[in-house]
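Got your viewer open? Please load the model and set it to a cartoon view, with side chains ready to switch on.

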Amino acid sequence: MTRFGGIDTLVGDTPLLHLRAASAATGCRILGKAEFLAPGGSIKDRTALGLILDARERGLLRPGATIVEGTAGNTGIGLAAIGAGFGHRCVIFMPQTQSPEKIDAVRATGAEVRLVPAVPYADPGHYARQARAHAEALDAQRPGSAWFADQFDNTANRDFHQRTTGEEIWAQTEGRIDGFVCSAGTGGTLAGVGRALKARNAGIRIALADPEGSALAAYVNDGALAAAGGSISEGIGSSRITRNFDGAPIDLAWTVPDREWLPLVHALVRDEGLSVGGSSGVNIAGAIRLAQALGPGHTVVTVLADSGARYRGKLLDRTFLEQRGLPVADWL
């Protein structure tokens, strides 16, 4: 008899899509991994599943325990949805600056959402620090009742991407891949995929596409955490080196301004029927830069991390964009 699974069986095995305009502009084959097709709508479903499976296997997440996490949104959606499939409820701490669509999406998964001010990681009020403190308080009252997922520094995140995302990309391209590029928030995707591909072929170029306001590109290029400006993208960039990002096999890194990636997102909707979020725009811009660095005839893969539906009030709002002096598509 056929055996049927739960929501966790829907995570992974996403297709690679041919990005026609980016490929034509560079003379390369540029492919995007369609992670917006995950059940929770983003690549963070992989992160969530990897963290949960590892914690359950090691006895850190007991049956019925509460999952607590600090997240810009997508990891919270993944943890709440996939956690529910394993019998866990979720408490999610989020910066109140995140898009209303994303906040509503976290709540729609059944998670308890606690919005907190957006402050630097060094501040005790940072969303990740508040999440950790809350999990510790629950655990102190009743040992084993809560688990802090710790997506930034729990390397089960990176390891799961190495075993799944990276291996899928290698198989889907039949090993004919010359470069991989994506942005980094926790660093799990970039480090995990980079490790998987480099283990197969050390000559594959791994690149970081970093939004303005993040310090990671400067760290890779100059060894110093320095940042300037800001970005309307969400969930990517960092002012510190997480355990997941530390040691990632990165060959190239660029800071990508909003004015560069935003028109790519708008054009993708109009010309290729794909609506993606800001991190995907940064990724596509990075893929174009990497393809240009490699030269025509190469294959470059990036990640389409989530859907643009979660950012309608930013990416697809004429007034919002005009007020910030950002490019506005003529069809908006």
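This tour visits two strands with their partners and then two loop residues, all in a predicted model.

**Stop 1: strand E2**

Select residues 29-34, which form strand E2. Five of these six residues are buried, so E2 is largely enclosed by the rest of the structure. Now add residues 16-18, strand E1: E1 and E2 run antiparallel and are joined by three bridges. To see how they line up, show Leu 17, which faces Gly 32 of E2. Next, bring in residues 299-304, strand E10, which pairs with E2 in the parallel sense through six bridges. Here Leu 31 sits opposite Val 301 of E10.

**Stop 2: strand E4**

Move on to residues 90-95, strand E4. How many of the six residues here are buried? The count is six of six, so E4 is largely enclosed by the rest of the structure. Switch on the side chains and look at the two faces in turn. In a regular strand, side chains alternate between the two faces of the sheet. Cys 90, Ile 92 and Met 94 lie on one side of E4, with Val 91, Phe 93 and Pro 95 on the other, and all are buried.

Then select strand E3, residues 66-70. E3 runs parallel to E4, with four bridges between them, and Gly 70 has Phe 93 of E4 as its bridge partner. Follow the chain from E3 through H3 to E4: this β-α-β crossover is right-handed.

For another partner of E4, pick residues 112-116, strand E5, which pairs with E4 in the parallel sense over five bridges. Val 91 stands across from Glu 112 of E5. The route from E4 to E5 passes through helix H4, residues 100-108, and this β-α-β crossover is also right-handed.

**Stop 3: Ala 72**

Go to Ala 72, in the loop between strand E3 and helix H3 (74-85). Is Ala 72 buried or exposed? Its relative accessible area is 13%, so with the cut-off for buried at under 20%, Ala 72 counts as buried. Beyond its neighbours within four places in sequence, the contacts of Ala 72 include Met 94 and Pro 95, along with Tyr 127 and Gly 235.

**Stop 4: Ser 233**

Finish at Ser 233, located in the loop between helix H8 (216-222) and strand E9 (252-256). Ser 233 is buried too, at 12% relative accessibility. Turn on its side chain to find a polar contact with the side chain of Ser 231, at 2.7 Å. Leaving out residues up to four places away in sequence, Ser 233 touches Pro 211, Trp 261 and Gly 278.

Conventions: Residues are numbered from 1 along each chain as its sequence is written. This is a predicted model: local features need pLDDT of at least 70, side-chain atom pairs count only at pLDDT 80 or more; totals for chains, interfaces and linings use all residues. Side-chain values use heavy atoms; hydrogens and water are left out. Buried means under 20% relative accessible area, exposed over 50%, partly exposed in between (1.4 Å probe, protein chains only). Helices (H or I, at least four residues) and strands (E, at least two) are DSSP runs, numbered from the N terminus. Two strands pair if DSSP finds at least two bridges between them. Contact means heavy atoms within 4.5 Å. A polar contact is a pair of N or O atoms within 3.5 Å; within protein, one must be able to donate a hydrogen and the other to accept it, and residues adjacent in sequence count only if both atoms are side-chain atoms. A crossover is right-handed if, with the strands pointing away from the viewer, the path from the first strand over the helix to the second runs clockwise.
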